[in-house]
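Student: Could we take a close look at one part of this model together? I'd like to start from a single helix and work outwards.

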Amino acid sequence: MENQANSKGIILNHGLYYGLASVLISVLLYVMGKHLEQGLVSSLLGIGIMILFIVLAMKKFKTNNNGFMSWGQGVKVGLGTIMVGVVIAIIYQQIFINFIEPDFMNQLMEVQQQQLTDAGLTEEQIEAQMEMGKNFQGPGMMAAFALLGAAFLGFVFSAITAAIMKKSEEEAY
């Protein structure tokens with residue numbers, strides 16, 4: 001593979017699009033008043049979009065590489081795409097929390113407290129949960145968890161997708 005395709009441009013391009021798609025979904029949820037709900041539909045939508053951009057980036061790399069892509073190249077392209085997009089989404093999240101909706105963290109805590117009350121926890125249990133939750137609710141911690149979660153899911157989905165889409169020169173003959 002002397003004329004191997006450059007993955008950097010593909011990663012940055014598809015990562016940018018993935019980040020913009022993530023921001024667009026966040027904006028739409030905010031406009032619809034659903035930004036405090038962490039439901040199954042929004043989670044599945046986020047995972048679906050993640051997988052879509054992994055596939056699109058790998059497909060583009062493979063096309064630019066004369067139809068060939070190793071598993072490692074696929075993982076690199078897929079995970080790189082996701083990490084670029086997540087950095088863009090985190091930047092938007094920080095702008096949202098600090099400027100657009102400065103009361104977001106308090107609103108989120110109220111929703112969580114109501115969910116714990118609805119689950120039948122005692123006042124002491126709720127207070128303990130809320131106190132422990134405050135340690136993980138800061139913007140920095142949210143960004144760190146977003147990066148870690150995206151890295152894990154991005155790797156898993158990239159590894160599976162790369163295993164399906166890989167094609168080496170040896171397999172072609």
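Which residue follows H2, and is its phi positive or negative?

Tutor: Happy to. The residue after H2 is Asn 66, and its phi is positive, near 60°. Before we go on, please keep in mind that this is a predicted model, in which local features need pLDDT of at least 70, side-chain atom pairs count only at pLDDT 80 or more, and totals for chains, interfaces and linings use all residues. Residues are numbered from 1 along each chain as its sequence is written, and side-chain values use heavy atoms, with hydrogens and water left out.

Now to H2 itself, residues 40-64 (helices are DSSP runs of H or I with at least four residues, numbered from the N terminus). With 25 residues at 1.5 Å each, H2 should span 36 Å, and its end C-alpha atoms are indeed 36 Å apart (the expected span is 1.5 Å times one less than the number of residues). Its buried residues are Ile 49, Met 50, Phe 53, Ile 54, Ala 57, Met 58, Phe 61 and Lys 62 (buried means under 20% relative accessible area, exposed over 50%, partly exposed in between, with a 1.4 Å probe and protein chains only). Their cover includes H1, helix H3 (71-100) and helix H6 (139-165).

Ahead of H2 is the loop that joins H1 (7-31) to H2, and His 35 lies in that loop. His 35 has a relative accessible area of 17%, so it is buried. Beyond its neighbours within four places in sequence, His 35 is in contact with Leu 29, Tyr 30, Phe 96, Phe 104 and Gln 107 (contact means heavy atoms within 4.5 Å).

Several of these names return among the aromatic rings. The structure holds four aromatic pairs (ring centres of Phe, Tyr or the six-membered ring of Trp within 6.5 Å; planes under 30 degrees apart are stacked, over 60 edge-to-face, the rest tilted). One of them, Tyr 18 with Phe 53, is tilted, at 5.8 Å centre to centre and 55° between the planes. This pair links distant parts of the chain, with Tyr 18 in H1 and Phe 53 in H2, 35 residues apart. Tyr 18 is buried at 6% relative accessibility, and Phe 53 is buried at 12%. Tyr 30 and Phe 96 have ring centres 5.0 Å apart and planes at 85°, so they form an edge-to-face pair. Here Tyr 30 sits in H1 and Phe 96 in H3, 66 residues apart. Tyr 30 is partly exposed at 27%, whereas Phe 96 is buried at 6%. Tyr 30, Tyr 92, Phe 96 and Phe 104 form one aromatic cluster.

H2 also helps to line a pocket. The second largest pocket has a volume of about 170 Å³ (a pocket is an open set of points on a 1 Å grid over the protein atoms alone, where a 1.4 Å probe fits, with protein on both sides within 12 Å along at least five of seven lines; lining residues have an atom within 4 Å of a point). Its lining includes Leu 29, Lys 34, Val 41 and Leu 45. H1 and H2 are the elements that give two or more residues to that lining.

Definitions and conventions: Grid points are joined across faces, edges and corners, and a volume is the space filled by probe spheres set on the points.
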